[in-house]
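Here's a quick look at a few buried spots and one helix. Have the model open while you read.

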Amino acid sequence: MLLVSCLTRPVAASGDTFAASSRALPWRSCDALIIDDASLDYCSSPTGLRALGRMPLFLQPEHPFSIQNIIRRKAEGMLPCEGVLIMDVDVYGKIPSSKVGQYFCNSIGWWNPLWSYCEKIAPDLIPTVNLGHSRNGWGLTDDASRTLSGHLMAAIESGHTKRYADRYRKKLEALPLEPCTICGATGKRTEPPRTGPGEMHCNGCNGLGQALNPACHYPFEVENVQAFAEFLRDCGGFEIH
């Protein structure tokens, strides 16, 4: 069964899974969706954010990668274009005071915009030259983590984070599609591991010949900031791996 899941909040906590044929699909209540042919493992991390590593699908009906177009192509016997599942960033609490503070996980695509936002919100806590985008065990102390949590919570409550997310999303939506490098923009690729034109349906662009701008693999959402702020509050300091 084709499953569709909302990406506007941690899906493990909300359990928002719908049959593709259902009229209850939350078109107007979320900004991006993911699709899969089988049940996704939403519980593979305590935050429920590991599933967010999949490429978001836009909701504008005219967009080649909109949920409507993907479902239509699936019905025509074509596989959905899910993007690339990339490595996770694992953030471990040093002295957690609750289960929430034990562990936080994002894909690299979700983590990089999140940490960049933290740098903007708390330049007094996070030095300009820091290792937050690496995975070598760098992190913040307990006091700094709690203070950063407070900064993020205040930004969410004031509406700053939502305004930032809206601007960020519009910027991504305005990016033009790019020629698919896997199939040479033809929609049909040669057999893996080689790339270039061929006879196989291209899984890189779903046969469209065009692919999303790479920046679209780096989304930003308020709910992700909220989850990280809650982790920071109880983590007792953290390390990034």
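Start with Cys118, which is buried at a relative accessible area of 0%. Buried here means under 20% relative accessible area, exposed over 50%, and partly exposed in between, with a 1.4 Å probe and protein chains only. Here are three buried residues side by side:

| Residue | Relative accessible area |
|---|---|
| Cys118 | 0% |
| Cys202 | 0% |
| Asp90 | 17% |

This is a predicted model, so local features need pLDDT of at least 70 and side-chain atom pairs pLDDT 80 or more, while totals for chains, interfaces and linings use all residues. Residues are numbered from 1 along each chain as its sequence is written, and side-chain values use heavy atoms, leaving out hydrogens and water.

How many disulfides does the structure hold? Zero, taking a disulfide as a pair of cysteine sulfur atoms within 2.5 Å. For Cys202, the closest cysteine sulfur is in Cys205 at 3.7 Å, too far for a bond.

Asp90 sits in strand β5 (residues 88–93); strands are DSSP runs of E, at least two residues, and helices are runs of H or I, at least four, numbered from the N terminus. The side chains of Asp90 and Tyr103 share a polar contact of 2.3 Å, that is, N or O atoms within 3.5 Å, one able to donate a hydrogen and the other to accept it, with sequence neighbours counting only if both atoms are side-chain atoms.

Now for helix α5. Its buried residues are Thr161, Tyr164, Ala165, Tyr168, Arg169 and Leu172. Lys162, Arg167, Lys170 and Lys171 are exposed on the face of α5 turned away from that buried side.
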